[in-house]
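Reader: I'm new to reading protein models. Could you walk me through a few features, one at a time?

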Amino acid sequence: MNPGISKELKRYNYLFGETGAVYHEMYFKLGLSDSAAMILYVVLEHEGCCLLRDICRFTGMSKQTVNSALRKLETEQVVTLEMWGSKNKRVCFTEKGRDLAERTAGRVMEAEDQIFASWTREDVEKYLELTEAFSEALKEKVKTL
């Protein structure tokens with residue numbers, strides 16, 4: 001059953017999928033699984049330590065998927081898990097992990113920054129503004145499901 005979706009939604013879905021495929025290809029070329037790469041990215045973005053719940057939130061991955069990837073990263077001595085306060089767990093890089101993250105996720109961040117730097121300031125602001133508006137509107141739609 002096709003609900004007769006708009007050409008704009010079809011284009012959006014195509015672009016969303018293509019973007020995801022490009023990230024997958026980058027992570028593959030860097031020798032990482034998607035989940036490990038996303039964890040390294042978020043922890044690097046947070047300067048080497050990040051709450052477990054924030055990794056789930058920022059990556060969109062389930063807690064189970066994050067925990068599975070973290071176990072592998074811990075075994076490889078890339079990250080450590082530690083209690084943070086009475087209820088929270090924090091993920092931190094080891095020295096080996098920071099080096100790996102900078103060589104992998106750091107390169108992805110550099111590529112993304114180069115793209116934004118090649119756009120006009122107005123285009124960057126408009127893109128971010130529209131992306132945020134779409135995300136917020138979608139969150140409201142979830143409430144009605």
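Author: Sure, let's begin with a term: a salt bridge is a side-chain nitrogen of Lys or Arg within 4 Å of a carboxyl oxygen of Asp or Glu. Before we use it, note that this is a predicted model, where local features need pLDDT of at least 70 and side-chain atom pairs count only at pLDDT 80 or more, while totals for chains, interfaces and linings use all residues. Residues are numbered from 1 along each chain as its sequence is written, and side-chain values use heavy atoms, with hydrogens and water left out.

Reader: How many salt bridges does that rule give?

Author: The general idea is that side chains of opposite charge can pair when their charged atoms come close. In this model the rule gives 10 salt bridges. One of them joins Asp99 to Arg103, with the closest N and O atoms 3.1 Å apart.

Reader: Where do Asp99 and Arg103 sit relative to each other?

Author: Helices here are DSSP runs of H or I with at least four residues, strands are runs of E with at least two, and both are numbered from the N terminus. Asp99 and Arg103 are four residues apart in helix 5 (residues 95-103), so about one helical turn separates them.

Reader: Is Asp99 buried, exposed or partly exposed, and what about Arg103?

Author: Here's how to read those words: buried means under 20% relative accessible area, exposed means over 50%, and partly exposed is in between (1.4 Å probe, protein chains only). Asp99 has 40% relative accessibility, so it counts as partly exposed. Arg103 is also partly exposed, at 45%.

Reader: Which residue forms a salt bridge with Asp54?

Author: That's Arg57, and the closest N and O atoms are 3.4 Å apart. Both residues lie in helix 3 (residues 52-59), three residues apart, or about one turn of the helix. Asp54 counts as buried because its relative accessibility is 17%, whereas Arg57 is exposed at 59%.

Reader: And which residue pairs with Glu140 in a salt bridge?

Author: Lys143 does, with 3.0 Å between the closest N and O atoms. You'll find Glu140 and Lys143 in helix 7, three residues apart, about one turn of the helix. Glu140 is partly exposed at 46% relative accessibility, and Lys143 is exposed at 62%.

Reader: Let's turn to the surface. Which residues form the nonpolar patch?

Author: First, the rule: patches are made of residues with over 30% relative accessible area and no salt bridge, joining like charges within 9 Å and nonpolar side chains (Val, Leu, Ile, Met, Phe, Trp, Tyr) within 5 Å. Areas come from the Shrake-Rupley method with a 1.4 Å probe, and for residues only the protein chains shown count as cover. Here the patch is made of Ile5, Leu9, Tyr12, Phe16, Phe134 and Leu138, with about 550 Å² of accessible area together. Helix 1 (7-29) and helix 7 (121-143) are the elements that give two or more residues to it. The largest share, three residues, comes from helix 1. Leu9 lies in that helix, and Leu9 is partly exposed at 35% relative accessible area.

Reader: Last one: what is phi near in Glu47 and in Gln77?

Author: As background, most residues other than glycine have a negative phi. Glu47 has a positive phi, near 65°, and lies in the loop between helix 2 (34-45) and strand 1 (49-51). Gln77 has a positive phi too, near 60°, in the loop between helix 4 (63-75) and strand 2 (79-84). Glu47 is exposed at 70% relative accessible area, and Gln77 is exposed at 54%.
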